[in-house]
Amino acid sequence: MIRIGIDYYPEQWDRALWEEDAVRMRALGAHVIRLGEFAWSRMEPKDGVFDFTWLDDAIEIISRQGMQVILGTPTNCAPLWLYQEHQDTIQWGRDGRPTDLGIRGHRCMVSPTFRQYAGRIVEEMSRRYAGRPEVFAWQLDNELENNHCTCPACRSAFRDWLREKYGTLDSLNRAWGNMVWSGEVSDWEQIQPLLAPECLPRWHNPACLLDYERFGADCTADYVRFQSGIIRRYDSQAVITTNACIPANMPDFHKEFAELDVAAYDDYPPVRLPEDAEELYSNAFVLDFVRGFKQKNFWILEQFAGHMGCWPPISPTPEPEMLSGYALQAVAHGADLLSFFRWRTACTGAEMFCHGILDHSNVPNRRLRELEELFRRLAQLPGLGDTTLRSPAAILYSADQEFALKNQTQSDGFAYWTQLRLFHEACVGLGVNVDVIREDAPLDNYQVVLVPTHLVTDPDLASRLEDFARRGGTVVITNRSGVQDKNGNCILGQELPTVFRDLCGCHVTEYDPIGPVKQTVNLTKGGTYQITSWCDLLELDTAQAWARYQGRFYSGVPAVAKNRFGEGTAYYVGTVGEKAMYRTLLIEAFRERGVPLLETLPQGVEVTTRSGEGGTYQFFFNNTVHGQNFQLQGERVHLRPLEMKIRTEKEVWV
Ligand code: GAL
């Protein structure tokens, strides 16, 4: 079964409402209530003085209704007394100053003093609640980002991390190429975290920036390990997760979730349709990305339930079917639990206009009725929870590329996420399940592996991809791959794509970063597509031209190459095309590997399949605000705006 949850903040409401709220949430169909994650000042009003009586009462009221709780550790919001007593627990910004207090998330996750206090509150909670039947799972902190704190503790932790990695300054200087601009470090104390945002990141040494991000990722992962370790000491069976978001400074999610039991995400899809839908945005990509954190089904701990509006102005109200459509979109991509943010819209505090299921009026509304209907529908599909996505295709993701390409934009408008999404969107638009996996994950179960921009190169990956292709797989790899070594320095003495050259059967003689300019390519088999951003001028070794540039001084030069490699095939895409180009390329690649396709789906209709012991369910989601029609095995299918239709293996719509 798909579990339904609701995010609830008892500390924000008068006690007189708790009982009634619990009864109403249960009646709506909730199984679990998520609570606690911001309530430190209520749990520990004074240093060392704990009060869990209110939380005990809330949990009891919830469990009397037959529901369990997901308990949040409250460490995202340290109480003001802690900051006042211990200034060294405050996070410092990239400007090298302590962050202004009074909002949230201002704790330094590395500070030993903060660890001591955070550890104590997590321990107190664990002692009291771990292993109790009322507790379904634990959520650690809230929406963790890569650690970019520049406080003294983080500075010295960064130096320790580098000492551990490089041993000597000599080897660090060599790895970072510090002879450039007299950057040679002669004392560890000279190494600073990255201050002064106005000169960041452009002028900084990219090798240092890359290590700084990796250090930040290790800090975040260590913080997660630190908290989960405490809970597990009290209950080795505890189910522990944390709620990810996709922030600007992204952590390495694979590391962050390594010790956790299940991946979880806060799902706030775009609401400004149709504008958003015209963009390359599909929320489906992020959901598949999250499933890849642990390569298994995941949870949504905050599912969008009303118009957004915390700090920015209030967004348009969700269209009819938007709440249920997006919730089912998450299920279609592997969510087994959906916890809706939040029960009632806050009457106080910064988020009073960030709408929950209920408005301030507290009376049933259109959104509540829509969710009622959704929960009824999900309850009729109990087998769904025993299914997963099996994918013939995988997109390789690596945090190193995310870090490096963010710090060194290769061309105006060229972005790693765009590269990932272009392939992803083509897959869901063809009804092909696709996993987004870490670069060192096994490839054996896939037929087609997509490798968008592998700038920071692991030569091991090149040989794994060669093996995969040799045994009959198809690899698609794009421009800016094979450019740098593991330290983030350019590879000397080999033509691009360096370690991937044999696999691709071509090399780059010259490149033209054209930024936002639009040019065209002609496909060898006919057809013309717009391209932008980047043009690799290819020379073919053993490959054939799949597309050639039209115009400029390189008219007729290959832009995309296709190479037979062993039993398999490799495509090298030397440019960034319009969406339709990827669709055409993937149709060819999938057909050659015998992957079944749905080629009649209109743009904006996304299809995935979950299957397993619980049956087979094919999800058809209309991610647009127009009605859509298409043919499916002779049947005419109509989807209302934002409607999700589900079809079982018996070809019955449910
Ligand atoms: C999330 C956060 C929630 C709430 C929500 C509102 O990022 O975890 O606590 O702030 O956004 O949009």
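The largest pocket of this model is lined by 48 residues, and those that lie nearest its centre are Glu 143, Glu 145, Cys 245, Pro 247 and Trp 311. The model is a predicted one, and this report looks in turn at its pockets, its ligand, its cavity and a few details of its backbone.

## The largest pocket and the ligand

The space in the largest pocket comes to about 1300 Å³. When the lining residues of this pocket are sorted by class, 24 are nonpolar, 14 are polar and ten are charged. Two elements of secondary structure that each supply at least two residues of this lining are strand E7, which runs over residues 264-267, and helix H11, which runs over residues 283-294.

Where does the ligand sit? The ligand is placed in the largest pocket, and the residues found around the ligand are Phe 38, Arg 104, Asn 142, Glu 143, Asp 266, Tyr 268, Glu 302, Met 308, Cys 310, Phe 341, Glu 351 and Cys 354. In this shell, six residues are nonpolar, one is polar and five are charged.

Three glutamate side chains can be described by the distance between one of their polar atoms and an oxygen atom of the ligand, as the table sets out.

| Side chain | Partner | Distance |
|---|---|---|
| Glu 143 | oxygen atom of the ligand | 2.5 Å |
| Glu 302 | oxygen atom of the ligand | 2.8 Å |
| Glu 351 | oxygen atom of the ligand | 2.3 Å |

Taken alone, the ligand exposes 310 Å², and of that area the protein buries 93%. Glu 143 appears in two of these descriptions, since this residue is listed among those nearest the centre of the largest pocket and a polar atom of its side chain lies 2.5 Å from an oxygen atom of the ligand.

## The second largest pocket

The second largest pocket holds about 720 Å³ of space. Its lining is made of 27 residues, and Gln 12, Phe 38, Cys 77, Ile 103 and Arg 104 are those that lie nearest its centre. Phe 38 and Arg 104 have also been named above, as they are included among the residues around the ligand.

Which helix gives the most to the lining of the second largest pocket? The helix in question is H2, with three residues; H2 covers residues 40-43, and helix H4, which covers residues 80-85, likewise supplies at least two residues of this lining. Sorted by class, the lining of the second largest pocket has 14 nonpolar, eight polar and five charged residues.

## The cavity

Besides these pockets, the structure holds one cavity of 30 Å³ or more, and the space in the largest cavity is about 30 Å³. The residues that line the largest cavity are Gln 329, Ala 332, His 333, Glu 606, Val 607, Thr 608, Phe 619, Phe 620, Phe 621 and Met 644. Two or more residues of this lining come from each of three elements, namely helix H12 (322-332), strand E20 (605-612) and strand E21 (615-622). By class, the lining of the largest cavity contains six nonpolar residues, three polar residues and one charged residue.

## Details of the backbone

Two peptide bonds in the model deserve a careful look. The bond that leads from Phe 341 to Arg 342 is cis, with an omega near -5°, and Arg 342 has its place in the loop between strand E9 (335-341) and helix H13 (366-379). Phe 341 is also one of the residues around the ligand. Another cis peptide bond joins Leu 496 to Pro 497, where omega is about 5°, and Pro 497 is found in the loop that runs between strand E13 (474-478) and helix H17 (501-504).

Finally, Gln 295 has a positive phi of about 50°, although this residue is not a glycine. Gln 295 is found in the loop between H11 and strand E8 (298-304), and H11 is one of the elements that supply at least two residues of the lining of the largest pocket.

Note on methods: Residues numbered from 1 in each chain as written. Predicted model: local features only at pLDDT ≥ 70, side-chain atom pairs only at ≥ 80, totals over all residues. Heavy atoms only, no water. Near = heavy atom within 4 Å. Polar contact = N/O pair within 3.5 Å; in protein donor to acceptor, adjacent residues only side chain to side chain. Areas by Shrake-Rupley, 256 points an atom, 1.4 Å probe, with all protein chains shown as cover. 1 Å grid on protein atoms, 1.4 Å probe; cavity = no way out; pocket = protein on both sides within 12 Å on 5 of 7 lines; lining within 4 Å. Sits in = over half its atoms within 2 Å of the grid points. Nonpolar A, V, L, I, M, F, W, Y, C, P; charged D, E, K, R; others polar. Points joined across faces, edges and corners; volume = space filled by probe spheres on them. Helix = DSSP H or I, 4+ residues; strand = E, 2+ residues; numbered from the N terminus.
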